[in-house]
Structure formats: structure tokens, C-alpha cells
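Please find below a colleague's note, set out as numbered points. It is best read with the structure open alongside.

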Amino acid sequence: MSRRIEQVVVVGADAPAWMAAAALRQSVSAAGIRVRVIELPTLLQPADVYSALPELAGFHHRIGLDESLLFSLCKAVPMAGQRFSNWSGAGPPFIQGYDRPPPVAAGLAFTQLWIKGRQKGLRTDFENFSLAAMAAKAGRVPVPTQDVELRSTFGYNIDAAAYSALLRNFVTRGGVETKMAGIAELELDGDRIAALLLADGERVEADLFVDASGPQAALISRMPGTELDSWREWLPCDRMLVASAKALKPLPAFGQISAFRQGWVGLFPLQDRTAVVAAYDSRQISDQDVVDSLPALANVPISGDAVVSSLTQGIRKRTWVGNCVAVGESAFSLEPLDAVQLHITHYCISQFMTLFPVDASAFREAELYDRIIRRAAVNLRDFQFAHYKLNRRFDTPLWDGCRELAPPETLQRKLDLFAARGRIPLYDDETFQEQAWESLFIGHGLMPQSYDPRVDAVPEQEHIAQVQARLNDIVGQVEGMAPVDEFIAGVNSEQLQRLKPLDEDVRHLPTRTMTENMGAD
Amino acid sequence: MQQVKDIVVVGGGTAGWMAAAAFAKVLGTQAHTITLVESEEIGTVGVGEATIPPIMQYNTLLGIDEDEFVRETNATFKLGIEFIDWRKRGSSYFHPFGMFGANIKGGVGFMNYWLRWVQSGGDPDFTHFVAEGEAAREGRFARVPASPDGQLPRLNYAYQFDAATYAAYLRRYAERRGVIRREGRVVDVEQNPQSGYIEAVKLADGTRVAGDFFIDCSGFRALLIEGVFKAGFDDWSHWLPNNRAVAVPCERVEDPTPFTRSTAREAGWQWRIPLQHRTGNGYVFCDSYLSEDEASRLLLERLDGKPLTDPKILRFTAGKRRLGWVKNCLAVGLSSGFLEPLESTSIHLIQMAIMKLFEFFPLRDVSPVLIDMYNREMDALYDHLRDFIIGHYKVTERDDTPYWRYCRSMTVPDSLRLKLELFSERGEARVLPMDLFGETSWFAVLHGQGLIPRSYHPIANTLSEDELQLAVAGIRTAIRRRVDSLPPHADFLERCCAARPAATAP
């Protein structure tokens with residue numbers, strides 16, 4: 001007997017819970033669906049930072065959150081990308097920037113021109129042809145211009161506790177009922193949650209439960225068949241440390257990720273401090289040793305305490321069971337690398353909203369949601385593992401092990417094809433597009449043996465001219481960009497609205513016609 | 001292994017000349033030799049083709065001027081396909097190019113709002129909400145982009161043309177650019193004894209044509225990919241039982257319609273493709289339910305003009321070659337597989353095989369990695385198109401003949417089954433960004449065939465009644481304004497690209 005969803009309960013804490021609640025309130029409340037949040041104790045430490053991909057701006061726009069508040073209340077700093085150092089032994093550091101994909105076209109990708117150029121003696125690094133990387137190096141914030149080919153945008157670092165508070169405020173002011181509580185027990189009825197029994201005795205029933213509780217997976221882990229499939233075999237770090245250091249002056253436009261013998265340490269600039277995050281393998285080094293050597297590893301003095309916690313990379317065997325759907329790290333989690341943590345939540349929420357169930361008696365959308373999330377998760381995992389796979393440190397078992405490991409087949413195919421031909425095959429549900437994978441592979445030193453033969457049809461003079469033109473265009477654009485401090489000082493809501501193209505939201509919309517897909521525009 | 005320099009295309013027709021012309025343009029004949037071997041003795045299949053919008057990308061790649069191309073091939077413009085009697089006798093629906101409605105706030109597709117609107121009494125004719133559909137219904141056409149203020153939609157289109165003259169057009173193009181044509185029938189193939197790579201083909205007159213890379217455009221015979229490399233064939237006749245087509249052109253009796261018509265018949269379906277100089281017709285059917293003679297008779301009876309030749313019979317099996325690329329041989333066209341022309345996909349498959357080859361083209365070694373990726377991607381494309389076509393048959397209310405009773409009750413691939421279940425639940429056909437057939441196409445066909453979703457995305461309920469009416473009315477008005485601005489299709493053809501009398505041929 002089919003019936004509509006009438007009541008949704010979100011269980012979780014911090015940004016994930018409020019993001020889910022905000023998305024629900026904005027989308028379905030007006031249709032008469034009641035949304036309620038059971039707020040679990042926060043998992044955040046004062047030193048925590050969220051690193052966000054540019055796509056998050058689309059989410060904020062959709063829920064109606066004024067992004068200038070991130071700058072005024074959450075200490076946000078715009079990021080043009082991340083810089084990876086010491087992952088390649090003697091190889092130079094490289095920047096992975098937030099370049100936007102060029103328009104779909106039948107023509108030649110610039111990367112192909114570069115590959116051939118390199119083979120013919122071109123010395124300029126690939127990074128110099130990335131608008132975002134060059135902006136990052138110059139400490140400037142990319143903003144959209146008229147140029148259609150060369151486009152870049154920015155993500156940001158935000159103070160985690162401040163951001164969660166901002167979203168919480170936003171959601172509760174919007175009228176969503178919230179209660180702080182612990183969960184004592186789940187009352188299961190076969191595959192469904194019949195009710196939550198809270199620690200204070202209240203019995204909470206709903207048509208649909210959203211588990212936004214992060215890696216603790218308070219609800220989904222108690223449903224049948226949802227054990228965690230671990231990815232520890234590929235991603236070696238099982239411990240994480242967070243601390244703070246002084247703010248950097250002037251503010252850089254990139255985060256810095258340095259590998260060390262037993263893991264990596266990242267510096268994430270915020271307006272009033274620098275968040276220091278380390279991920280490492282407890283089999284190789286103890287928590288105490290990392291704390292002690294942190295100032296040396298991070299190359300900055302540490303203020304205050306360092307807090308350690310565990311990392312469990314992996315994915316639940318099922319992410320939607322009965323009337324319980326996991327969004328965010330309750331569904332799958334990775335390392336705090338490549339700014340994926342918040343994105344995981346954003347992505348799951350978007351897919352869930354697209355598939356918001358129509359029938360509370362039979363959740364037929366579950367299977368499709370699970371498949372989509374799984375594919376997206378695998379692609380993100382491969383992206384992170386690629387850093388490890390391509391490392392050229394020869395100093396410890398951790399790095400040797402990762403390099404010698406046979407990667408998942410999905411990644412192997414990307415590596416093989418890129419090595420052969422400079423082409424990246426994209427699968428379904430990819431977050432990172434070709435240019436992100438290219439800059440990762442080339443940055444780590446993977447050089448293709450061959451290139452698109454259409455490049456050979458380009459006369460040498462013209463080839464050189466195109467390469468030169470691109471360099472000049474980039475220099476010209478970067479010159480017109482504001483330095484980070486200046487950008488932050490001048491931030492206001494309208495400016496931010498104009499700056500971020502709206503197609504960054506991951507929501508899947510049927511907007512492209514066949515003609516547009518084939519780039520015939 | 002040395003660099004790939006000498007390319008041999010075995011077989012002409014649309015597939016062979018599309019391949020040769022594209023190579024000539026992209027690779028050129030300075031650093032490579034491009035040879036095409038075809039035999040006048042062997043008839044080519046082309047029976048009057050309709051296409052889909054991506055063909056413009058192919059023409060653009062070659063630098064072909066659209067007006068010249070339309071003139072030279074007696075082409076007309078196509079806004080979509082009209083499906084008559086597919087849902088049940090007396091029904092009709094339109095599968096348009098282009099987008100259904102427009103994006104209303106909320107981030108869910110227009111179909112959800114439309115479903116809600118229909119449920120509360122709105123007009124259940126979906127064609128009113130697609131510019132291409134309305135234009136087709138009224139016989140209007142022009143090349144128009146979206147208006148700068150975004151208020152009026154663009155018109156998406158493709159072509160209907162004479163495949164034989166298209167092949168001839170491309171042959172002229174290719175030969176002008178240095179492609180060498182060899183007349184002759186391939187009777188033998190030489191392979192390298194160690195590697196198994198094809199080194200040359202031998203013609204009936206003893207000539208030997210050597211090469212580094214071979215394109216198999218030999219049609220159903222698949223001389224190289226199957227004859228030499230035994231790639232294997234996945235037979236899909238349990239899902240797509242049609243295995244015959246009888247085709248005949250007839251006199252043009254009225255202005256050409258800017259769309260293709262597909263009419264469901266007792267044991268298959270009949271196509272009507274209007275060209276400038278005549279109309280192409282065919283009956284695609286399954287010979288387990290209807291004999292070739294009977295099908296020919298019925299087709300002739302149902303023409304709207306005098307037939308211009310005797311009907312021609314084609315025999316085929318629906319399915320795909322298990323491997324499209326083996327060693328140094330790539331199958332393009334019918335040698336790589338066959339799907340009936342229900343959604344005008346044949347030329348598209350040729351185009352995609354060629355474009356993908358460019359993406360993977362081996363500079364030096366032919367690498368197993370490249371071959372594997374190519375084969376996977378072509379497989380995925382074939383499967384996607386197959387599922388879409390099967391959907392037309394599975395989802396029908398017709399049960400008036402044994403043929404339709406079979407189609408209604410057959411099992412379908414899981415990939416399609418899941419799509420149908422989801423659509424039936426909530427009117428959504430999960431598509432991926434690069435899928436050829438997007439949301440609008442799936443919606444037009446499945447809804448048109450009679451699969452009415454039980455529900456729609458709850459976000460569509462967030463608009464008030466007034467807001468919904470306003471949005472819907474706004475879209476309809478914009479589409480009406482666009483269509484009203486268009487001239488009749490025949491007038492447009494006359495003005496821009498009327499075929500010269502010399503170009504007409506039986």
C-alpha cells in the first residue's frame with residue numbers, strides 16, 4: 001500500500017547533519033514533509049578545519065546560504081588548489097589547481113600539445129599551463145573572466161566548528177525542530193527502523209531516517225548487512241592528528257601537503273590561524289612521536305594542543321537499508337586529502353535529494369542510490385590512492401609498499417591509458433575531471449609515451465605559437481586577479497554570487513541536449 | 001612494431017567513405033597513405049537514412065558546409081521521429097530532439113512538474129512542451145539558436161538524406177584529399193605468421209594491398225574482424241527479433257515533413273523518410289511472423305506515392321561483434337554490429353567508432369590497453385542504444401498479433417529492466433552525462449509507449465498551484481512564439497539548400 005513520506009528524521013552532528021537538514025528543508029518542507037534533527041554530541045575539535053571543493057558553492061546557493069558569511073564568520077580563505085611536496089623524492093613539488101574543464105569540443109586538448117612539446121624539448125612544466133596553479137603560486141584568487149577555454153575557480157578552507165555553528169543556526173532559524181540527544185537503542189522491524197529510543201526515553205518514529213553522523217555511522221551500522229569494507233589495503237594511514245599554528249602572512253592561495261616517512265602533514269591556511277593536519281600509519285610511528293616531531297614536520301611552531309583520532313577508510317556494504325539512508329562519511333570515508341571530506345557529504349545529499357523516495361512503504365530508490373554512491377566512492381578512493389601509488393620516496397616500507405601494490409583495476413586502467421596515450425578514461429559518477437587527474441599524474445611524474453596523432457598535423461610554428469599564447473593568457477589573467485588578503489577584505493555577497501558559476505552543484509539535472517553533449521554548439 | 005602509416009579501408013558505402021574522409025582530414029595523406037578498397041559488384045546497403053544531431057560534429061570536423069551538404073545529398077531536416085500505432089492502434093507520440101520544457105526552480109527535471117500538472121487536469125500531450133515537437137507537427141523549420149535573453153529555445157535538428165549520395169559526396173571529398181580508391185573484391189588476407197597482424201589483402205585480380213592498419217567496412221560479411229580474427233557475435237534476436245527489411249523509394253507527393261515517421265505494423269514497423277526528391281520507405285519485420293513476399297506486398301500497398309524501383313530485401317541479425325578492435329583491425333559499420341534503424345543510430349555508430357579511433361589512435365605500437373578501452377567504450381554505447389530500442393517494444397499495449405504478444409512478454413536486459421522500474425515508479429530515467437539518449441528521449445518514448453509513472457519527485461509539489469500554472473503557461477507561450485517565428489520547412493529548404501535537378505537520382 002503505497003504512501004507518501006511525511007516525516008524525515010536526520011541523525012548526526014556538525015556540518016553533515018546541518019547540511020542534510022538544510023537541503024531537506026529547502027527542498028521538501030514546502031511539500032508538507034516534516035524534517036526533524038536529532039543532534040548527537042559534536043565530534044569536532046577547536047583545531048578542526050574543513051577543506052572544501054569549489055562545488056560546495058553550488059550547495060550553498062541551493063540552500064540559500066550567503067557565502068560571504070563564510071568569510072566573515074568562519075575564517076574562510078579561498079584556495080586555488082593544493083601543493084604536494086616530498087611525494088616524489090627529488091622531483092619538484094607541484095600544484096593541483098581547481099581549473100575548470102574546457103568546453104566539450106571535437107578539437108585537440110592542450111595537454112596533448114604539451115606532451116608532444118615535452119618530447120621535442122619543451123622545458124616548461126605542465127603546471128605553468130594551469131591557470132589555477134599559476135594563480136596559486138602568485139598568491140591570487142581565480143575569478144571567472146570572458147575566456148571560455150581557460151577558466152579556474154576557487155575552493156576554500158573554513159573553520160569547522162564555526163561552519164557547523166553557522167549551518168546549525170541557519171537550519172534552526174528556518175524552523176527545523178532540533179533536539180540534542182544520545183541514542184540508546186534502535187528498534188528494528190526486519191529491514192526497517194521502527195523507532196529510535198533516545199537516552200532520555202523518547203521514542204522517535206519517522207518514515208525515513210537520514211544517518212548524517214559521520215564515520216561513527218550511528219544508524220546505518222546497526223542495520224543488517226552494513227559492515228564496513230575497509231580500504232586500508234590501499235590507503236595506509238589509520239591515525240589523524242589536528243593542531244593549530246599561527247596564521248600565515250601573507251595568506252597563500254593553496255594548502256600545502258608534505259609527505260614524510262610515515263604519512264603526510266598538511267597546512268590549511270585560515271584567516272586567524274593555520275590548521276595543521278597529519279595523517280599517518282600507526283604501524284610505522286606512534287601518536288606521541290608524531291606529536292613530538294610535528295613542529296619539524298610541519299615547519300611551523302604549534303600553538304595549543306594536538307588531538308589525535310583514528311581514520312577508517314572504507315565503505316559500508318549497503319548505504320541505504322529499508323528506511324535508513326547514510327549520507328556523508330557514514331556511507332564511506334577517506335583520508336582528509338584532496339578536500340574530499342565535505343564533498344562526500346555534499347555528494348551523497350545531492351544524490352539523495354534527486355532520488356528522494358516517493359513511497360514510504362517500499363524504497364525502490366535505495367538500490368540505485370547505493371550503486372551511484374559506490375561508484376563515486378571508488379573514483380574518489382582511486383584519486384587519493386593515486387598519490388600513494390605514484391610516490392617516488394624510497395625511504396620507508398610505507399612508501400615502497402604503496403608503490404609496489406597492484407592498484408584497483410579501475411585505477412590501473414587510468415594509469416595504463418594515460419601512460420600509453422595521455423588520455424584519462426572517466427567512469428560514471430566522477431568528481432574529478434580530466435584536468436584534475438592529468439595534473440595529479442603528471443605532477444607525480446607519470447609521463448605519457450605517446451599523444452593524440454592529430455597533434456602531428458599541427459605545424460611546428462603553430463604549435464609553438466599556441467603554447468606561447470597559453471602562457472601569455474595565463475600571465476595576463478593572473479595579473480588581473482586579487483591577492484588573497486585583498487580578496488577577503490573586499491568580499492561581499494553580491495560579488496560572490498556573480499563569481500561562482502552555478503553548474504558546480506553536483507546535482508544531476510537533465511539539462512543537456514544531444515547537441516550540447518556532442519559540443520556542436 | 002613500426003609506426004602506423006598505411007591505412008587500408010576494406011569496403012565502401014557510408015561506413016567506408018566516412019572513415020576514409022575522416023582520416024584524410026585528420027591525419028592527412030602526407031605522412032600516411034589511405035587506401036579504400038571497394039567493389040562495384042557488391043551492392044551497398046543504404047536505403048535512405050535519417051540521422052541524429054551528433055552528425056553535425058562529424059561534418060564540422062571535416063569542414064563540410066551544411067548548405068552544400070544538404071543540397072548534394074537531397075537532404076531534408078529532421079526534428080525528431082513520430083511513432084504511430086506503437087502504444088496501441090490509433091495512438092501517436094513524438095520523440096523530439098531537444099529538451100522537454102525548461103528548468104523551473106527546485107532542481108528537478110521539468111517532467112516532474114509536467115506529471116503533476118497532468119495529474120491535476122493539464123493537457124497530457126507532451127509535444128506542446130518541446131519546440132521541436134510543435135514545429136514538426138506544423139511542418140515548420142529554420143536554423144535558430146536560443147534567443148540571447150534565453151526566453152526562446154533553440155531548435156535542435158539532424159538530417160534525412162540519401163545515403164548513397166552521402167557516400168558519393170564523401171568519396172569526392174576523400175579522393176580530392178589524396179585517398180586512393182582501389183576497385184576490386186577482397187578474396188584473401190595475409191597475416192604475419194608470428195604476430196597474426198594483417199599485412200595485406202588480396203583482390204580477385206591478384207593485386208595486393210598492404211597496410212599497417214585495416215578498417216573493416218565489409219558490412220555483414222565482416223571479412224576481417226570475423227573472417228580472420230573470429231571476434232565472435234553477441235546475438236540479440238531474443239530481444240530484437242526483427243531480422244528483415246524490405247525497402248523501396250516512392251514519389252514525393254507533398255512537401256517533405258521535417259521528421260521521420262515510424263508506424264508499427266503487424267510484425268514490425270514501417271519507416272517513412274522524406275527527402276527532397278523522393279520518399280524513402282521500408283518495412284522492418286521478423287520473418288517468423290511474416291514472409292518476405294507478404295511484407296513487400298503490404299509495404300507497396302501502404303505507400304503514399306508511386307514506387308520508383310522494385311522493393312529490395314535485406315537480411316540481418318540484431319547484435320554486436322564481441323570485439324570491435326583486434327590487433328590491427330577495426331570494425332566500422334555493419335561489421336561491428338547491427339541495430340535496426342528505429343532511432344536512426346546506424347550512422348552514429350559509424351561516426352563514434354571513427355571518432356573513438358582517433359582518441360585511441362596508435363602512434364607506434366598497437367597497445368592492448370588502448371584496444372581494451374576502445375572495446376569497452378563501444379560496448380557500452382551499443383548496450384545503451386540497444387536498451388533504448390528494446391524499450392519501444394517491451395513497453396506496448398499492443399497484443400493484436402503473435403508478434404506483439406511476444407514483444408510485450410519477453411524478458412529484457414537487467415540494465416533496461418531497472419530503468420523501466422524506476423521510470424514506472426517516479427518518471428525518472430537515470431541517465432549519465434554523456435549518454436546519447438537523455439532524459440527527454442527516455443521520457444518521450446516510455447511515456448508515449450504508455451508507461452505512465454505512478455508518481456514524480458516530491459520537490460515538484462513545492463510550487464503552489466498558481467506558480468505551477470504560471471510556469472507551465474510561460475513555457476508553452478515561449479515555445480509557441482518560437483514556432484510561430486518559423487517558416488514552413490519546404491520554404492526554408494527552397495531558400496537555403498534546394499537540391500539541384502542534376503542531383504536527383506532514382
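What is the mean pLDDT of chain A, and what percentage of its residues reach 70 or more?

1. Confidence in chain A. The model is predicted. For chain A the mean pLDDT is 91, and 94% of the residues reach 70 or more. Two stretches of chain A should nevertheless be noted: the pLDDT is below 50 over residues 502-512 and also over residues 517-521. Beyond near neighbours in sequence, residues 502-512 have 40 contacts in the model, while residues 517-521 have 13. Where pLDDT is low, the predicted coordinates should not be read in detail.

2. Length of helix α7 of chain A. This helix covers residues 287-298, which is 12 residues. At 1.5 Å a residue it should span 16 Å, and its end C-alpha atoms are 15 Å apart, which agrees.

3. The two faces of α7(A). Val290(A), Leu294(A) and Ala298(A) are the buried residues of this helix. Because they cover an arc of only 70 degrees around the axis, they lie on the same side of α7(A). The spacing follows a general rule: an α-helix has 3.6 residues a turn, so residues three or four places apart point the same way. Asp292(A) and Ala296(A) are exposed, on the face turned away from the buried side.

4. Surroundings of α7(A). The cover over its buried residues includes four strands of chain A: β15 (239-245), β17 (263-269), β18 (274-280) and β19 (302-310). Just after the helix, Asn299(A) takes a positive phi of about 65 degrees.

5. A sheet in chain B. Three strands of chain B form an open, antiparallel sheet in the order β13-β19-β22. β13 (233-235) and β22 (337-338) of chain B each have a single partner strand, so they stand at the edges with one side lacking a neighbour in the sheet. Between β13(B) and β19 (residues 319-321) of chain B there are three bridges, and Asp235(B) stands opposite Gly319(B). Helix α9 (residues 368-394) of chain B lies across β19 and β22 of chain B, at about 175 degrees to β19(B).

6. Helix α14 of chain B. Which residues of this helix, residues 489-497, are buried? They are His489(B), Ala490(B), Phe492(B), Leu493(B) and Cys497(B). Their arc around the axis is only 160 degrees, which means that they share the same side of α14(B). Glu494(B) and Arg495(B), on the other side, are exposed. Among the elements covering the buried residues are α3 (66-72) and β4 (76-78) of chain B.

Methods:
Residues are numbered from 1 along each chain as its sequence is written. Chains are lettered from A and ligands numbered from 1 in the order in which they are written. This is a predicted model: local features need pLDDT of at least 70, side-chain atom pairs count only at pLDDT 80 or more; totals for chains, interfaces and linings use all residues. Side-chain values use heavy atoms; hydrogens and water are left out. Helices (H or I, at least four residues) and strands (E, at least two) are DSSP runs, numbered from the N terminus. The expected span of a helix is 1.5 Å times one less than its number of residues. Buried means under 20% relative accessible area, exposed over 50%, partly exposed in between (1.4 Å probe, protein chains only). The arc is that of the directions from the helix axis to the C-beta atoms. Contact means heavy atoms within 4.5 Å. Two strands pair if DSSP finds at least two bridges between them. Axes are lines fitted to C-alpha atoms, for helices over the stretch in contact, and angles run from 0 to 180 degrees between N-to-C directions. pLDDT is the predictor's confidence in each residue, from 0 to 100.
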